[in-house]
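Let's take a walk through this one together, from the overall layout down to a few backbone oddities. Have the viewer open and follow along.

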Amino acid sequence: MNKRPVLFIFICLGIFFFCQAISPAQESDNPYQKLRVNSMRIEQRILKLAEFGRNPEGGVSRVAFSEADIQGRNYAMSLMKEAGLKVRIDEAGNIIGRREGSNPELPPILFGSHLDSVPNGGKYDGSLGVIGAIECVQVFQENGIITRHPLEVVVFSDEEGGLVGSRAMIGRLTPEALEVVSLGGMTIRQGIQAIGGSPDKLSQVRRQKGDIKAFLEIHIEQGSLLESKTIDIGVVEGIVGINWWEVTIEGFSNHAGTTPMDRRQDALLAAAHLIIAVNRVVTSVPGRQVGTVGRIKADPGAPNVIPGRVVMSLELRDLSAEKIYSLYGKIEEEAKAIAEKTDTKIMFSPIEAAAVPAPTDPRVRKVVADSARELGLTSILMPSGAGHDAQEMAKIAPAGMIFVPSVGGISHSPREFTRTKDMVNGVNVLLKTILKIDRGALD
Ligand code: HGY
Ligand code: MN
Ligand code: MN
(Lines give C-alpha, C1' and ligand atoms only; values in the text may rest on other atoms or scores of the structure.)
(Ligands and ions follow the chains in the order given, each with its own letter.)
Protein backbone atom coordinates (compact mmCIF):
# COMPACT_ATOMS: atom_id res chain seq x y z
CA MET A 1 0.00 0.00 0.00
CA ASN A 2 1.20 3.49 -0.82
CA LYS A 3 1.72 5.20 2.51
CA ARG A 4 2.23 8.69 1.05
CA PRO A 5 -1.44 9.86 1.00
CA VAL A 6 -1.93 8.63 4.59
CA LEU A 7 1.17 10.48 5.70
CA PHE A 8 -0.03 13.58 3.88
CA ILE A 9 -3.41 13.45 5.70
CA PHE A 10 -1.65 13.06 9.05
CA ILE A 11 0.58 16.05 8.36
CA CYS A 12 -2.45 18.16 7.37
CA LEU A 13 -4.31 17.13 10.51
CA GLY A 14 -1.23 17.90 12.59
CA ILE A 15 -0.95 21.41 11.10
CA PHE A 16 -4.68 21.97 11.67
CA PHE A 17 -4.55 21.01 15.36
CA PHE A 18 -1.31 22.96 15.89
CA CYS A 19 -2.92 26.12 14.50
CA GLN A 20 -5.94 25.59 16.73
CA ALA A 21 -3.68 25.30 19.73
CA ILE A 22 -1.68 28.47 19.10
CA SER A 23 -4.59 30.78 18.29
CA PRO A 24 -7.16 30.31 21.04
CA ALA A 25 -7.82 34.07 21.38
CA GLN A 26 -8.64 34.46 17.71
CA GLU A 27 -10.85 31.41 17.74
CA SER A 28 -12.78 32.49 20.81
CA ASP A 29 -13.13 35.95 19.27
CA ASN A 30 -15.20 34.51 16.45
CA PRO A 31 -18.58 34.37 18.20
CA TYR A 32 -18.32 38.13 18.72
CA GLN A 33 -16.93 39.03 15.31
CA LYS A 34 -20.25 40.52 14.22
CA LEU A 35 -21.03 42.26 17.50
CA ARG A 36 -21.68 45.98 16.98
CA VAL A 37 -22.81 48.89 19.15
CA ASN A 38 -26.14 50.68 18.65
CA SER A 39 -25.58 53.81 16.59
CA MET A 40 -28.97 55.42 17.23
CA ARG A 41 -28.76 54.85 20.97
CA ILE A 42 -25.34 56.50 21.14
CA GLU A 43 -26.48 59.56 19.21
CA GLN A 44 -29.69 59.95 21.22
CA ARG A 45 -27.88 59.65 24.53
CA ILE A 46 -25.20 62.17 23.58
CA LEU A 47 -27.95 64.65 22.65
CA LYS A 48 -29.96 63.91 25.79
CA LEU A 49 -26.88 64.41 27.97
CA ALA A 50 -26.27 67.76 26.26
CA GLU A 51 -29.58 69.01 27.69
CA PHE A 52 -27.95 69.16 31.13
CA GLY A 53 -26.18 72.52 31.17
CA ARG A 54 -27.13 73.36 27.60
CA ASN A 55 -26.00 76.88 26.70
CA PRO A 56 -27.58 79.27 24.20
CA GLU A 57 -24.77 78.68 21.69
CA GLY A 58 -25.67 75.00 21.45
CA GLY A 59 -22.89 73.58 23.61
CA VAL A 60 -22.82 72.82 27.32
CA SER A 61 -21.71 74.70 30.41
CA ARG A 62 -21.53 71.84 32.86
CA VAL A 63 -18.59 72.73 35.05
CA ALA A 64 -17.76 70.25 37.76
CA PHE A 65 -19.95 70.23 40.87
CA SER A 66 -22.61 72.51 39.33
CA GLU A 67 -26.31 71.66 39.30
CA ALA A 68 -25.96 70.70 35.63
CA ASP A 69 -23.05 68.39 36.45
CA ILE A 70 -25.14 66.66 39.11
CA GLN A 71 -28.06 66.27 36.67
CA GLY A 72 -25.76 64.83 34.00
CA ARG A 73 -24.29 62.42 36.55
CA ASN A 74 -27.76 61.29 37.62
CA TYR A 75 -28.66 60.65 34.00
CA ALA A 76 -25.48 58.61 33.48
CA MET A 77 -26.19 56.60 36.64
CA SER A 78 -29.67 55.75 35.35
CA LEU A 79 -28.15 54.51 32.07
CA MET A 80 -25.57 52.48 33.95
CA LYS A 81 -28.28 50.75 35.94
CA GLU A 82 -30.21 50.07 32.75
CA ALA A 83 -27.07 48.38 31.41
CA GLY A 84 -27.04 46.11 34.47
CA LEU A 85 -24.20 47.81 36.31
CA LYS A 86 -24.04 48.01 40.07
CA VAL A 87 -23.51 51.72 40.67
CA ARG A 88 -21.82 53.60 43.50
CA ILE A 89 -20.15 56.97 44.08
CA ASP A 90 -16.68 56.62 45.55
CA GLU A 91 -15.09 58.93 48.14
CA ALA A 92 -13.59 61.14 45.39
CA GLY A 93 -16.99 61.60 43.76
CA ASN A 94 -16.18 59.24 40.88
CA ILE A 95 -19.14 57.19 39.66
CA ILE A 96 -18.25 53.50 39.38
CA GLY A 97 -20.56 51.01 37.68
CA ARG A 98 -19.45 47.41 38.10
CA ARG A 99 -20.37 44.17 36.38
CA GLU A 100 -18.88 40.97 37.73
CA GLY A 101 -16.96 38.61 35.46
CA SER A 102 -16.89 34.84 35.44
CA ASN A 103 -13.56 34.69 37.29
CA PRO A 104 -13.65 36.60 40.59
CA GLU A 105 -9.87 36.21 40.92
CA LEU A 106 -9.19 38.54 38.00
CA PRO A 107 -8.69 42.32 38.24
CA PRO A 108 -11.29 44.56 36.55
CA ILE A 109 -10.99 46.20 33.16
CA LEU A 110 -11.86 49.89 33.62
CA PHE A 111 -13.16 52.24 30.93
CA GLY A 112 -14.84 55.62 30.96
CA SER A 113 -14.19 59.35 30.94
CA HIS A 114 -15.76 62.51 32.42
CA LEU A 115 -19.03 64.42 32.27
CA ASP A 116 -17.95 67.87 33.48
CA SER A 117 -17.15 70.50 30.86
CA VAL A 118 -15.24 73.75 30.61
CA PRO A 119 -17.40 76.90 30.79
CA ASN A 120 -19.11 77.26 27.42
CA GLY A 121 -17.81 73.91 26.20
CA GLY A 122 -19.07 71.32 23.74
CA LYS A 123 -21.27 68.24 23.95
CA TYR A 124 -18.73 65.56 23.05
CA ASP A 125 -15.65 66.18 25.22
CA GLY A 126 -15.80 63.48 27.92
CA SER A 127 -19.44 62.64 27.17
CA LEU A 128 -18.51 60.29 24.35
CA GLY A 129 -16.21 58.33 26.65
CA VAL A 130 -18.98 57.86 29.20
CA ILE A 131 -21.83 57.10 26.79
CA GLY A 132 -19.51 54.83 24.76
CA ALA A 133 -18.43 52.90 27.85
CA ILE A 134 -22.02 52.34 29.00
CA GLU A 135 -22.96 51.30 25.45
CA CYS A 136 -20.35 48.53 25.43
CA VAL A 137 -21.69 47.05 28.66
CA GLN A 138 -25.25 47.32 27.41
CA VAL A 139 -24.29 45.40 24.26
CA PHE A 140 -22.66 42.69 26.39
CA GLN A 141 -25.82 42.50 28.47
CA GLU A 142 -28.13 42.30 25.46
CA ASN A 143 -26.02 39.53 23.95
CA GLY A 144 -25.60 37.55 27.14
CA ILE A 145 -21.84 38.00 27.14
CA ILE A 146 -20.14 37.42 30.46
CA THR A 147 -16.52 38.51 30.40
CA ARG A 148 -13.88 36.72 32.45
CA HIS A 149 -12.74 39.95 34.10
CA PRO A 150 -15.07 42.21 36.06
CA LEU A 151 -15.87 45.38 34.10
CA GLU A 152 -16.04 48.85 35.64
CA VAL A 153 -17.41 51.91 33.90
CA VAL A 154 -15.93 55.05 35.49
CA VAL A 155 -17.12 58.65 35.38
CA PHE A 156 -14.24 60.64 36.84
CA SER A 157 -15.07 63.71 38.89
CA ASP A 158 -13.89 67.20 37.86
CA GLU A 159 -11.64 66.31 34.94
CA GLU A 160 -11.48 69.87 33.64
CA GLY A 161 -10.39 71.23 37.02
CA GLY A 162 -7.22 69.12 36.92
CA LEU A 163 -8.03 65.40 36.58
CA VAL A 164 -9.35 65.34 40.12
CA GLY A 165 -11.08 61.94 40.24
CA SER A 166 -8.32 60.04 38.48
CA ARG A 167 -5.62 61.68 40.58
CA ALA A 168 -7.51 60.54 43.67
CA MET A 169 -7.75 57.02 42.26
CA ILE A 170 -4.00 56.75 41.94
CA GLY A 171 -3.33 58.46 45.29
CA ARG A 172 -2.06 61.74 43.87
CA LEU A 173 -4.76 64.15 45.06
CA THR A 174 -2.99 66.00 47.88
CA PRO A 175 -4.65 67.87 50.78
CA GLU A 176 -3.39 71.12 49.17
CA ALA A 177 -5.14 70.22 45.92
CA LEU A 178 -8.43 69.91 47.81
CA GLU A 179 -8.24 73.62 48.62
CA VAL A 180 -7.77 74.71 44.98
CA VAL A 181 -10.79 76.62 43.66
CA SER A 182 -12.25 74.74 40.71
CA LEU A 183 -13.83 76.23 37.57
CA GLY A 184 -17.28 76.66 39.14
CA GLY A 185 -16.00 78.60 42.16
CA MET A 186 -16.10 75.85 44.81
CA THR A 187 -12.97 74.38 46.29
CA ILE A 188 -12.38 70.81 45.20
CA ARG A 189 -13.09 69.69 48.75
CA GLN A 190 -16.51 71.42 48.74
CA GLY A 191 -17.23 70.12 45.26
CA ILE A 192 -16.46 66.50 46.09
CA GLN A 193 -18.83 66.80 49.05
CA ALA A 194 -21.52 68.32 46.82
CA ILE A 195 -21.52 65.30 44.50
CA GLY A 196 -21.62 62.68 47.23
CA GLY A 197 -17.94 62.02 47.96
CA SER A 198 -15.97 62.20 51.23
CA PRO A 199 -12.79 64.24 50.69
CA ASP A 200 -11.38 63.18 54.06
CA LYS A 201 -11.46 59.52 53.09
CA LEU A 202 -9.67 59.68 49.76
CA SER A 203 -7.29 56.89 50.71
CA GLN A 204 -10.20 54.48 50.24
CA VAL A 205 -10.43 55.14 46.50
CA ARG A 206 -6.77 54.50 45.92
CA ARG A 207 -5.88 51.62 43.63
CA GLN A 208 -2.46 50.11 43.36
CA LYS A 209 -0.43 48.73 40.49
CA GLY A 210 -1.84 45.34 39.60
CA ASP A 211 -5.37 46.18 40.82
CA ILE A 212 -6.55 47.02 37.30
CA LYS A 213 -6.18 44.85 34.21
CA ALA A 214 -6.32 47.86 31.84
CA PHE A 215 -7.80 51.33 31.56
CA LEU A 216 -9.39 52.43 28.27
CA GLU A 217 -10.83 55.80 27.25
CA ILE A 218 -12.50 56.79 24.01
CA HIS A 219 -12.49 60.54 23.34
CA ILE A 220 -12.91 63.04 20.56
CA GLU A 221 -9.55 64.10 19.16
CA GLN A 222 -10.10 67.83 19.87
CA GLY A 223 -7.62 68.61 17.10
CA SER A 224 -7.69 68.29 13.32
CA LEU A 225 -5.14 65.59 12.49
CA LEU A 226 -7.61 62.74 11.86
CA GLU A 227 -9.95 64.90 9.82
CA SER A 228 -7.17 66.39 7.72
CA LYS A 229 -5.76 62.95 6.91
CA THR A 230 -9.20 61.33 6.57
CA ILE A 231 -8.38 58.67 9.16
CA ASP A 232 -11.06 56.97 11.28
CA ILE A 233 -9.24 56.20 14.51
CA GLY A 234 -6.37 57.74 16.46
CA VAL A 235 -4.36 55.30 18.54
CA VAL A 236 -2.94 57.52 21.26
CA GLU A 237 0.76 57.02 21.93
CA GLY A 238 1.04 59.47 24.81
CA ILE A 239 -0.68 62.34 26.57
CA VAL A 240 0.93 65.69 27.22
CA GLY A 241 1.97 66.94 30.63
CA ILE A 242 0.11 70.05 31.78
CA ASN A 243 1.40 72.59 34.31
CA TRP A 244 -0.57 75.53 35.66
CA TRP A 245 0.63 78.58 37.55
CA GLU A 246 -1.21 81.48 39.09
CA VAL A 247 0.65 84.67 38.22
CA THR A 248 0.13 87.67 40.47
CA ILE A 249 1.35 91.10 39.39
CA GLU A 250 1.47 93.83 42.00
CA GLY A 251 1.58 97.44 40.80
CA PHE A 252 -0.06 100.51 42.29
CA SER A 253 -3.64 101.69 41.75
CA ASN A 254 -3.72 105.43 41.13
CA HIS A 255 -5.73 108.10 39.35
CA ALA A 256 -5.82 107.46 35.61
CA GLY A 257 -6.19 111.16 34.83
CA THR A 258 -3.57 112.72 37.03
CA THR A 259 -0.76 110.15 37.06
CA PRO A 260 1.71 110.86 34.24
CA MET A 261 2.66 107.97 31.99
CA ASP A 262 6.21 107.81 33.35
CA ARG A 263 5.06 107.57 37.00
CA ARG A 264 2.79 104.56 36.72
CA GLN A 265 3.02 101.05 38.15
CA ASP A 266 0.44 99.52 35.84
CA ALA A 267 -0.03 95.84 36.61
CA LEU A 268 -2.16 95.23 33.53
CA LEU A 269 0.47 96.74 31.27
CA ALA A 270 3.02 94.36 32.82
CA ALA A 271 0.58 91.50 32.23
CA ALA A 272 0.25 92.48 28.57
CA HIS A 273 4.03 92.34 28.14
CA LEU A 274 4.15 89.01 29.93
CA ILE A 275 1.43 87.46 27.76
CA ILE A 276 3.41 88.40 24.66
CA ALA A 277 6.58 87.04 26.25
CA VAL A 278 4.87 83.68 26.96
CA ASN A 279 3.97 83.40 23.30
CA ARG A 280 7.50 84.37 22.21
CA VAL A 281 9.23 81.90 24.54
CA VAL A 282 6.94 79.00 23.66
CA THR A 283 7.39 79.54 19.92
CA SER A 284 11.14 80.11 20.18
CA VAL A 285 12.04 76.40 20.06
CA PRO A 286 10.93 73.68 17.64
CA GLY A 287 8.30 71.16 18.78
CA ARG A 288 4.60 70.79 19.61
CA GLN A 289 4.72 72.57 22.99
CA VAL A 290 1.97 75.09 23.72
CA GLY A 291 1.55 77.89 26.24
CA THR A 292 -1.61 79.81 27.14
CA VAL A 293 -2.77 82.63 29.37
CA GLY A 294 -6.47 81.79 29.53
CA ARG A 295 -7.71 83.79 32.49
CA ILE A 296 -6.96 87.30 33.70
CA LYS A 297 -8.46 89.60 36.29
CA ALA A 298 -7.41 93.19 36.82
CA ASP A 299 -8.22 95.17 39.97
CA PRO A 300 -9.88 97.42 40.82
CA GLY A 301 -11.35 97.14 37.31
CA ALA A 302 -12.50 100.68 36.55
CA PRO A 303 -11.81 102.74 33.39
CA ASN A 304 -10.46 105.65 35.40
CA VAL A 305 -8.12 103.73 37.74
CA ILE A 306 -4.69 102.38 36.86
CA PRO A 307 -4.85 98.62 37.55
CA GLY A 308 -2.85 97.93 40.68
CA ARG A 309 -3.16 94.17 40.74
CA VAL A 310 -3.55 91.45 38.16
CA VAL A 311 -4.04 87.74 38.70
CA MET A 312 -3.73 85.57 35.62
CA SER A 313 -3.17 81.94 34.72
CA LEU A 314 -0.28 80.38 32.86
CA GLU A 315 -0.54 76.93 31.31
CA LEU A 316 2.27 75.02 29.59
CA ARG A 317 1.93 71.63 27.87
CA ASP A 318 4.31 69.19 26.25
CA LEU A 319 5.06 65.48 26.02
CA SER A 320 8.32 66.21 27.89
CA ALA A 321 8.28 67.49 31.46
CA GLU A 322 11.87 68.76 31.04
CA LYS A 323 10.80 70.95 28.17
CA ILE A 324 7.92 72.40 30.19
CA TYR A 325 10.30 73.37 33.00
CA SER A 326 12.90 74.78 30.64
CA LEU A 327 10.24 77.01 28.99
CA TYR A 328 8.96 78.03 32.41
CA GLY A 329 12.50 79.04 33.40
CA LYS A 330 12.75 81.32 30.34
CA ILE A 331 9.33 82.85 31.09
CA GLU A 332 10.44 83.62 34.65
CA GLU A 333 13.53 85.40 33.25
CA GLU A 334 11.38 87.49 30.95
CA ALA A 335 9.05 88.28 33.86
CA LYS A 336 11.96 89.65 35.89
CA ALA A 337 12.87 92.07 33.11
CA ILE A 338 9.22 93.10 32.65
CA ALA A 339 8.79 93.71 36.38
CA GLU A 340 11.82 95.98 36.38
CA LYS A 341 10.70 97.91 33.33
CA THR A 342 7.14 98.44 34.63
CA ASP A 343 8.03 98.94 38.29
CA THR A 344 5.85 96.01 39.36
CA LYS A 345 6.34 92.70 41.17
CA ILE A 346 5.56 89.47 39.34
CA MET A 347 5.05 86.27 41.34
CA PHE A 348 4.43 82.74 40.07
CA SER A 349 2.75 80.14 42.19
CA PRO A 350 2.27 76.59 40.89
CA ILE A 351 -1.30 75.30 41.05
CA GLU A 352 -1.70 71.81 42.49
CA ALA A 353 -3.18 70.36 39.32
CA ALA A 354 -0.18 69.34 37.28
CA ALA A 355 -0.51 66.33 35.02
CA VAL A 356 2.72 64.66 34.03
CA PRO A 357 3.27 63.42 30.47
CA ALA A 358 2.22 59.79 30.09
CA PRO A 359 2.89 57.24 27.36
CA THR A 360 0.12 54.71 26.77
CA ASP A 361 0.87 50.97 26.98
CA PRO A 362 2.35 49.67 23.69
CA ARG A 363 0.41 46.40 24.03
CA VAL A 364 -2.88 48.25 24.42
CA ARG A 365 -2.02 50.43 21.40
CA LYS A 366 -1.59 47.28 19.36
CA VAL A 367 -4.93 45.84 20.50
CA VAL A 368 -6.66 49.11 19.60
CA ALA A 369 -4.99 49.23 16.18
CA ASP A 370 -5.82 45.53 15.52
CA SER A 371 -9.44 46.11 16.53
CA ALA A 372 -9.71 49.08 14.16
CA ARG A 373 -8.21 47.06 11.31
CA GLU A 374 -10.57 44.13 11.87
CA LEU A 375 -13.47 46.59 11.68
CA GLY A 376 -12.17 47.86 8.34
CA LEU A 377 -11.17 51.21 9.83
CA THR A 378 -8.01 53.19 9.20
CA SER A 379 -5.90 54.25 12.17
CA ILE A 380 -2.82 56.29 13.00
CA LEU A 381 -0.56 56.50 16.04
CA MET A 382 -0.71 60.04 17.45
CA PRO A 383 -0.01 62.10 20.58
CA SER A 384 -2.74 63.82 22.61
CA GLY A 385 -2.35 67.54 23.13
CA ALA A 386 -5.31 67.52 25.51
CA GLY A 387 -5.14 66.16 29.02
CA HIS A 388 -7.12 63.07 29.96
CA ASP A 389 -7.80 60.90 32.99
CA ALA A 390 -6.01 58.12 31.09
CA GLN A 391 -2.70 59.86 31.80
CA GLU A 392 -3.18 59.44 35.52
CA MET A 393 -4.44 55.88 35.18
CA ALA A 394 -1.39 55.07 33.02
CA LYS A 395 0.74 55.33 36.17
CA ILE A 396 -0.86 52.30 37.76
CA ALA A 397 -2.34 50.30 34.87
CA PRO A 398 -1.79 49.53 31.19
CA ALA A 399 -3.74 52.40 29.60
CA GLY A 400 -4.92 53.12 26.09
CA MET A 401 -6.95 55.78 24.31
CA ILE A 402 -9.07 55.73 21.18
CA PHE A 403 -9.54 59.05 19.35
CA VAL A 404 -12.21 59.86 16.78
CA PRO A 405 -12.26 62.90 14.47
CA SER A 406 -13.39 66.35 15.62
CA VAL A 407 -14.91 68.37 12.78
CA GLY A 408 -12.69 71.38 12.10
CA GLY A 409 -10.49 70.38 15.05
CA ILE A 410 -12.73 72.54 17.28
CA SER A 411 -13.11 71.72 20.97
CA HIS A 412 -13.74 73.47 24.31
CA SER A 413 -16.30 75.41 22.29
CA PRO A 414 -20.04 75.09 21.63
CA ARG A 415 -19.06 74.44 18.01
CA GLU A 416 -17.36 71.17 18.97
CA PHE A 417 -18.83 68.45 16.72
CA THR A 418 -18.17 64.79 15.96
CA ARG A 419 -20.22 62.84 13.43
CA THR A 420 -22.30 59.93 14.72
CA LYS A 421 -20.59 57.50 12.37
CA ASP A 422 -17.20 58.47 13.79
CA MET A 423 -18.41 58.11 17.38
CA VAL A 424 -19.85 54.71 16.54
CA ASN A 425 -16.61 53.58 14.88
CA GLY A 426 -14.73 54.49 18.04
CA VAL A 427 -17.16 52.74 20.36
CA ASN A 428 -16.98 49.60 18.21
CA VAL A 429 -13.19 49.72 18.55
CA LEU A 430 -13.60 50.07 22.32
CA LEU A 431 -15.97 47.09 22.40
CA LYS A 432 -13.53 44.89 20.51
CA THR A 433 -10.58 46.10 22.56
CA ILE A 434 -12.35 45.18 25.82
CA LEU A 435 -13.16 41.70 24.51
CA LYS A 436 -9.63 41.09 23.27
CA ILE A 437 -8.09 42.22 26.55
CA ASP A 438 -10.59 40.09 28.43
CA ARG A 439 -9.49 37.07 26.46
CA GLY A 440 -5.78 37.52 27.06
CA ALA A 441 -4.48 40.01 24.51
CA LEU A 442 -2.19 41.61 27.10
CA ASP A 443 -1.02 38.37 28.69
O1 HGY B 1 -7.79 70.67 29.27
C2 HGY B 1 -7.67 69.57 28.71
O3 HGY B 1 -6.74 69.25 28.01
C4 HGY B 1 -8.76 68.56 28.83
O5 HGY B 1 -9.74 68.82 27.92
N6 HGY B 1 -9.22 68.43 30.14
MN1 MN C 1 -11.81 69.13 27.90
MN1 MN D 1 -12.08 65.51 27.92
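**From domains to backbone details**

The centres of domain 1 and domain 2, taken over C-alpha atoms, are separated by 35 Å. Bear in mind that what you're looking at is a predicted model. As for where the domains sit in the sequence, domain 1 is made of 25-239 + 357-438, and domain 2 covers 242-350. Where the two touch, domain 1 puts in five residues and domain 2 puts in seven residues. On the domain 1 side of that contact, you'll find two nonpolar residues, three polar ones and no charged ones.

Next, some helix packing. Two packed helices are described by the angle between their axes and the distance between the axes, and we'll do just that for three pairs.

Start with helix H10 (residues 267-282) and helix H11 (residues 321-342). Their axes come within 9 Å and cross at roughly 150 degrees. How are H10 and H11 oriented to each other? Angles over 145 degrees count as roughly antiparallel, so H10 and H11 are roughly antiparallel to each other. The crossing of H10 past H11 is right-handed. If you want to colour the contact, pick Leu269, Ala270, His273, Leu274, Ala277, Val278, Val281 and Val282 on H10, and on the H11 side Leu327, Lys330, Ile331, Glu334, Ala335, Ile338, Ala339 and Thr342. By residue class, this H10-H11 contact comes out as 12 nonpolar, two polar and two charged.

Now go to helix H3 (residues 39-49) and helix H5 (residues 127-142). This pair packs at an angle of about 135 degrees, and the axes are 10 Å apart. H3 and H5 are therefore oblique to each other. Here too the handedness is easy to note down: H3 passes H5 in a right-handed crossing. From H3, the residues involved are Arg41, Ile42, Arg45, Ile46 and Leu49, which meet Ser127, Leu128, Ile131, Gly132 and Glu135 of H5. Sort the residues of the H3-H5 contact and you get five nonpolar, two polar and three charged.

The third pair is helix H12 (residues 362-374) with helix H14 (residues 420-438). Their axes lie 9 Å apart, and the packing angle is about 125 degrees. That makes H12 and H14 oblique to each other, with H12 passing H14 in a right-handed crossing. On H12, look for Val367, Val368, Ser371, Ala372 and Glu374; their partners in H14 are Val429, Lys432, Thr433, Lys436 and Ile437. The H12-H14 contact divides into five nonpolar, two polar and three charged residues.

On to the ligand. Which residues surround ligand 1? They are Asp125, Glu159, Glu160, Ala386 and Gly387. In terms of class, that shell has three charged residues, one polar and one nonpolar.

Finally, the backbone. Most residues other than glycine have a negative phi, and most peptide bonds are trans. With that in mind, check two spots. The peptide bond from aspartate 299 to proline 300 is cis, with omega near 5 degrees. Proline 300 belongs to the loop between strand E9 (296-299) and strand E10 (309-318). The other spot is glutamine 222, which isn't a glycine yet has a positive phi of about 70 degrees. You'll find glutamine 222 in the loop that runs between strand E5 (214-220) and helix H9 (225-229).

Technical notes
Residues are numbered from 1 along each chain as its sequence is written. Chains are lettered from A and ligands numbered from 1 in the order in which they are written. This is a predicted model: local features need pLDDT of at least 70, side-chain atom pairs count only at pLDDT 80 or more; totals for chains, interfaces and linings use all residues. A residue is near a molecule or strand if its C-beta atom, placed from the backbone, lies within 6 Å of it. Ala, Val, Leu, Ile, Met, Phe, Trp, Tyr, Cys and Pro count as nonpolar, Asp, Glu, Lys and Arg as charged, and the others, Gly among them, as polar. Domain bounds come from an automatic or database domain assignment. Axes are lines fitted to C-alpha atoms, for helices over the stretch in contact, and angles run from 0 to 180 degrees between N-to-C directions. Helices (H or I, at least four residues) and strands (E, at least two) are DSSP runs, numbered from the N terminus. Angles under 35 degrees count as roughly parallel, over 145 as roughly antiparallel, 65 to 115 as roughly perpendicular and the rest as oblique. A crossing is left-handed if the near helix is turned anticlockwise from the far one by less than a right angle, and right-handed if clockwise.
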